[in-house]
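Colleague: Please take one part of this model and examine it closely. I should then like to see how that part relates to the rest of the chain.

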Amino acid sequence: MGTVIDAATKDNDGSALASKKVTIIFVLGGPGSGKGTQCANIVQHYGYTHLSAGDLLRAERDSGSENGTMIDNMIAEGKIVPSEVTIKLLERAILETDNDKFLIDGFPRNEENRAAFESVTGIEPEFVLFFDCSEEEMTRRLLSRNQGRTDDNIETIKKRFKVYMESSLPVIEYYNSKGKVRRPIIYICP
Ligand code: AMP
């Protein structure tokens, strides 16, 4: 297995993540590929804490934060929220959690996310779990999950797929070139 990485930070404000040693696995895949579902299964068996970037952003939006409207608009358009917002939320969640092992789901979404997270926190993931799923299956899952989300409609889903193909797949390719991508095999019991 890889190493536990010292979460040293280069942030000017001396981010408190510097004092916490954490192991991080990024969980990536297209919208509706089952990242959240499988993270819930992994948590039960391996003692990780699951942090979903999308869930953190939705909670921040709903908290009445000054960034709420901007986050709401970005989500409704399937766009990537600026890194500084998402990274701050992830840092805060890591610090508030009494665990040192994290599954970070839906992050990094683009190269800028990836580079900014590494530079701000000094953390590299242990590895990346990649859920490779057909667009047809992802669409079927998104349209049938009924979670009341503003972005689970066909127009926004098309935009989310475009962002995934153009911005998120290159991040997976980057980690693949470093030998860090793992593709789990999922068995679905009848
Ligand atoms: P998800 O819950 O992962 O399907 O994400 C829903 C939406 O939240 C995305 O379409 C983006 O608008 C936003 N979002 C999720 N993760 C990120 C991220 N890492 N960076 C920026 N925006 C994100």
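Modeller: G78 follows just after helix α3 and takes a positive phi of about 70°. Helices here are DSSP runs of H or I with at least four residues, strands are runs of E with at least two, and both are numbered from the N terminus. The model is a predicted one, in which local features need pLDDT of at least 70 and side-chain atom pairs count only at pLDDT 80 or more, while totals for chains, interfaces and linings use all residues. Residues are numbered from 1 along each chain as its sequence is written, and side-chain values use heavy atoms, with hydrogens and water left out.

Helix α3 itself spans residues 68–76, and its buried residues are G68, I71, M74 and I75. Buried means under 20% relative accessible area, exposed means over 50%, and partly exposed lies in between (1.4 Å probe, protein chains only). Viewed down the axis of α3, these buried residues lie within an arc of 130°, so they line one face of the helix; the arc is that of the directions from the helix axis to the C-beta atoms. The cover over the buried residues of α3 includes α2 (53–62), α4 and α7.

Helix α6 (residues 135–144) can be described in a similar manner. Its buried residues are M138, T139 and L142. Seen down the axis of α6, they fall within an arc of 100°, so they too line one face of their helix. The buried residues of α6 pack against α7, and just after α6, N146 has a positive phi of about 50°.

Helix α7 also enters into the largest nonpolar core. Of the 25 residues in that core, I24, F26, I94, I104, F107 and F117 touch the most other members. A nonpolar core is a set of buried Ala, Val, Leu, Ile, Met, Phe, Trp, Tyr and Cys residues joined through side-chain atoms within 4.5 Å. At least two residues of this core come from each of β2 (21–29), α4 (83–96), β4 (101–105), α5 (111–121), β5 (127–131) and α7 (154–177). The greatest contribution is that of α7, with five residues. A second, separate core has nine residues, V27, C39, I42 and L129 among them. Beyond its neighbours within four places in sequence, I104 is in contact (heavy atoms within 4.5 Å) with I24, I25, F26, V27, L51, L90, I94 and F117.

Helix α3 has a part in the largest pocket as well, which holds about 820 Å³ of space. Forty residues line this pocket, and K35, G54, R109, R149 and R160 are the closest to its centre. Two or more lining residues come from each of β2, α1 (35–46), β3 (49–52), α2, α3 and α7. On a 1 Å grid over the protein atoms alone, a pocket is an open set of points where a 1.4 Å probe fits, with protein on both sides within 12 Å along at least five of seven lines; lining residues have an atom within 4 Å of a point. The volume is the space filled by probe spheres set on the points, which are joined across faces, edges and corners.

As for the whole chain, seven helices and six strands are present, and 47% of its 190 residues are buried. Among contacts with a separation of 6 or more, 74% link residues 24 or more positions apart.
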